[in-house]
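Student: Can you walk me through the ligand site and the empty space in this one?
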Amino acid sequence: MPESKSFNFWDDHYARGGTSGDGSVGEHREWKWSVVKQYTVQVDDVVDVACGDLSFWAGRDCMRYTGIDISSTIIERNRKIHPRWQFILANAADPQQAKGRIVFCFDLLFHIMDDNIYTGILQNLTQYSAEWIFIFTWKKNHLTYWKTRVREGYIHLRKLQPLKAARILWGTTTDYRYQTYRDFNQYVPLFESAGFDLHAVHDDSPNPWGARYVFRKRT
Ligand SMILES: C[S@@+](CC[C@H](N)C(=O)[O-])C[C@H]1O[C@@H](n2cnc3c(N)ncnc32)[C@H](O)[C@@H]1O
């Protein structure tokens, strides 16, 4: 899917009242914060790539915060909620003048359809971070889960796209809409060549399909 369609997907989603999803609230949010806090007590200097609706930040402040997102609807809304925080409307693959001790990239990577955009985003994460990079993404292919296959297959059948529906029902790495699975481990060398080591992988998330990858800059 071209990334312009991805832009439309998310901006339409937020304009229709959609949220950043279950991964940013409840037990998922608590688990994600507990992992971050194991490594850095002060979360005061953050670049948040694909920041979404900030439900992840509910009840928390940050001394120096930069949020980047592709949806103008959500960026405008965030600017009103947090006038002191900086927000950048951009595709995360386009390099920005952003720097933080900590970089977050949560629940974005499995939404990236294009391989070049994907690697562009990873490279930018390494450019923005002065010390830590925290990533939450799929460790396993969620599109093999039967409920997901049935739901996505049905969506394509209704759109009169039987071939895509059949592929999804059979089990693929993309839903042709807004989710694509890649083996994240294959991208660890990209971080290593940019000076970051994989410090830890936390795969005890309440979401059985995802894991938290923690990178630290080599000193
Ligand atoms: C599932 S939400 C996650 C939001 C937030 N990181 C969180 O965990 O609460 C995915 C976000 O990625 C944004 N997004 C999708 N593709 C993007 C891209 N190429 N560049 C920047 N943001 C993107 C969407 O607008 C959406 O806000």
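Tutor: Here is a short talk through the ligand, the pocket and the cavity.

Tutor: This is a predicted model: local features need pLDDT of at least 70, side-chain atom pairs count only at pLDDT 80 or more, and totals for chains, interfaces and linings use all residues. Residues are numbered from 1 along each chain as its sequence is written, and side-chain values use heavy atoms, with hydrogens and water left out.

Student: How many residues surround the ligand, and which are the closest?

Tutor: The count is 19, and the closest are Tyr14, Ser24, Ala50, Asp69 and Ala92. A residue counts if one of its heavy atoms lies within 4 Å of the ligand.

Student: Which element gives the most to that shell?

Tutor: Helix α1, residues 3-15, with 3 residues. Helices are DSSP runs of H or I, at least four residues, and strands are runs of E, at least two, numbered from the N terminus.

Student: How do the shell residues divide?

Tutor: Into 10 nonpolar, 7 polar and 2 charged. Ala, Val, Leu, Ile, Met, Phe, Trp, Tyr, Cys and Pro count as nonpolar, Asp, Glu, Lys and Arg as charged, and the others, Gly among them, as polar.

Student: OK, polar contacts. What lies 2.5 Å from an oxygen atom of the ligand?

Tutor: A polar side-chain atom of Ser24. Ligand nitrogen atoms are met by backbone N or O atoms: one of Ala50 at 2.6 Å, and one of Phe106 at 2.8 Å. The cut-off for such a pair of N or O atoms is within 3.5 Å.

Student: How much of the ligand's accessible area does the protein cover?

Tutor: 99% of the 590 Å² that the ligand has on its own. That is Shrake-Rupley with a 1.4 Å probe.

Student: Switching to pockets. What is the volume of the largest one?

Tutor: About 1,000 Å³. Of its 47 lining residues, the closest to the centre are Trp10, Ser20, Asp107, Phe110 and His111. The ligand takes up space in this largest pocket. A pocket is an open set on a 1 Å grid over the protein atoms alone, with protein on both sides within 12 Å along at least five of seven lines; lining residues have an atom within 4 Å of a point.

Student: What gives the largest share of the lining?

Tutor: α1, with 6 residues.

Student: And which residues line the largest cavity?

Tutor: Leu109, Phe110, Tyr118, Thr137, Trp138, Thr180, Tyr181 and Arg182. About 40 Å³ of space lies in that cavity. In a cavity, a 1.4 Å probe fits but cannot get out.

How values were computed:
A polar contact is a pair of N or O atoms within 3.5 Å; within protein, one must be able to donate a hydrogen and the other to accept it, and residues adjacent in sequence count only if both atoms are side-chain atoms. A molecule sits in a cavity or pocket if more than half of its atoms lie within 2 Å of its grid points. Grid points are joined across faces, edges and corners, and a volume is the space filled by probe spheres set on the points.
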